[in-house]
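Here's a walk through one model, starting with a bit of vocabulary and moving from the ligand out to individual residues. Keep the viewer open as you read.

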Amino acid sequence: MVGICSFFKNNSAQIPYENQYQLRGMAVLQKFQGKGIGNIILNYGEKLLKNMSIDIVWCNAREAAVNFYKKNGYQIIGDAFNIKDIGIHHAMFKKLDS
Ligand SMILES: CC(C)(COP(=O)(O)OP(=O)(O)OC[C@H]1O[C@@H](n2cnc3c(N)ncnc32)[C@H](O)[C@@H]1OP(=O)(O)O)[C@@H](O)C(=O)NCCC(=O)NCCS
């Protein structure tokens, strides 16, 4: 296994849609980063959720990963916040039918 992501049925109070999933644990082994594997895993997961008629995927993105999510169509919502021992994060979301 070189990469992973997981999706949990969990709504964000910041996003006004009924059917939401939270993306968690998005990661690709360092040696395999930058080869398009993150894109493939994320797109595949989003496709599965779309087939389940889910409206929104959201996540708490580390600052270093914000551009990865932006390139995948996610946008920042709300203010940045700090998670102890990990650093600055931004809530980000994507509407799946867009
Ligand atoms: C973030 C992460 C999952 C991306 O996976 P990846 O396989 O390296 O990403 P890809 O190669 O599929 O890159 C997809 C696109 O995002 C861009 N990208 C990837 N990581 C990036 C980063 N950290 N900063 C800016 N852009 C990034 C790539 O340039 C690429 O753009 P392109 O499609 O225009 O070429 C991976 O770097 C990682 O595991 N990082 C450490 C853990 C982490 O931060 N996880 C996110 C927690 S919120």
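## A word on "buried"

Before anything else, a cut-off: a residue is called buried when its relative accessible area is under 20%, exposed when that area is over 50%, and partly exposed in between. Take Lys-94 as a test case: with a relative accessible area of 15%, Lys-94 falls under the 20% limit and is therefore buried. Keep in mind that this is a predicted model.

## Around the ligand

Where does the ligand sit? Look in the largest pocket, and you'll find the ligand there. The shell has 19 residues, and the closest of them are Met-26, Val-28, Gly-36, Gly-38 and Asn-39. Four elements give two or more residues each to that shell: strand E2 (20-28), helix H1 (37-51), strand E3 (56-62) and helix H2 (66-71). H2 supplies the largest share, with 4 residues. Sorted by residue type, the shell holds 9 nonpolar, 7 polar and 3 charged residues.

Now for the backbone atoms facing the ligand. Gly-34 has a backbone N or O atom 2.8 Å from a ligand oxygen, and Lys-35 has one at 3.2 Å from an oxygen atom of the ligand. A ligand nitrogen also gets involved, lying 2.9 Å from a polar backbone atom of Ala-64. As for cover, the ligand taken alone exposes 900 Å², and the protein buries 69% of that.

## Two buried residues on E5

Strand E5 covers residues 87-95, and His-90 is part of it. Is His-90 buried or exposed? Its relative accessible area is 12%, so His-90 counts as buried. The side chain of His-90 has a polar partner, too: it makes a contact with the side chain of Glu-63 at 3.4 Å.

Lys-94, our test case from the start, is in E5 as well. What does the side chain of Lys-94 reach? It gets to the backbone oxygen of Asn-72, at a distance of 2.8 Å. So here's a lysine that is buried, at 15% relative accessible area, with its side chain in a polar contact to a backbone atom.

## Positive phi in the loops

If you like checking backbone torsions, two residues deserve a click. Ser-53 has a positive phi of about 60° although it isn't a glycine. You'll find Ser-53 in the loop between H1 and E3, and it counts as exposed because its relative accessibility is 52%, over the 50% limit.

The other one is Asp-85, again not a glycine, with a positive phi of about 70°. Asp-85 is in the loop between strand E4 (75-83) and E5. With a relative accessible area of 74%, Asp-85 is exposed.

## Sequence distance versus space

Finally, here are some residue pairs for comparing separation along the chain with separation in space. Pro-16 lies in the loop between strand E1 (3-9) and E2, and at 73% relative accessibility it counts as exposed. How many residues apart along the chain are Pro-16 and Ile-56? They are 40 residues apart, while their C-alpha atoms are separated by 9.5 Å.

Ile-4 lies in strand E1. At 40% relative accessibility, Ile-4 lands between the two limits, so it is partly exposed. From Ile-4 to Gly-34 there are 30 residues in sequence and 14 Å in space, C-alpha to C-alpha; Gly-34 is also the residue with a backbone N or O atom 2.8 Å from a ligand oxygen. Then there is Lys-47 in helix H1, which counts as exposed at 54% relative accessibility. Lys-47 and Tyr-17 are 30 residues apart along the chain, with 18 Å between their C-alpha atoms.

Notes:
Residues numbered from 1 in each chain as written. Predicted model: local features only at pLDDT ≥ 70, side-chain atom pairs only at ≥ 80, totals over all residues. Heavy atoms only, no water. Near = heavy atom within 4 Å. Polar contact = N/O pair within 3.5 Å; in protein donor to acceptor, adjacent residues only side chain to side chain. Areas by Shrake-Rupley, 256 points an atom, 1.4 Å probe, with all protein chains shown as cover. 1 Å grid on protein atoms, 1.4 Å probe; cavity = no way out; pocket = protein on both sides within 12 Å on 5 of 7 lines; lining within 4 Å. Sits in = over half its atoms within 2 Å of the grid points. Nonpolar A, V, L, I, M, F, W, Y, C, P; charged D, E, K, R; others polar. Buried < 20%, exposed > 50% of the residue type's maximum accessible area, 1.4 Å probe, protein only.
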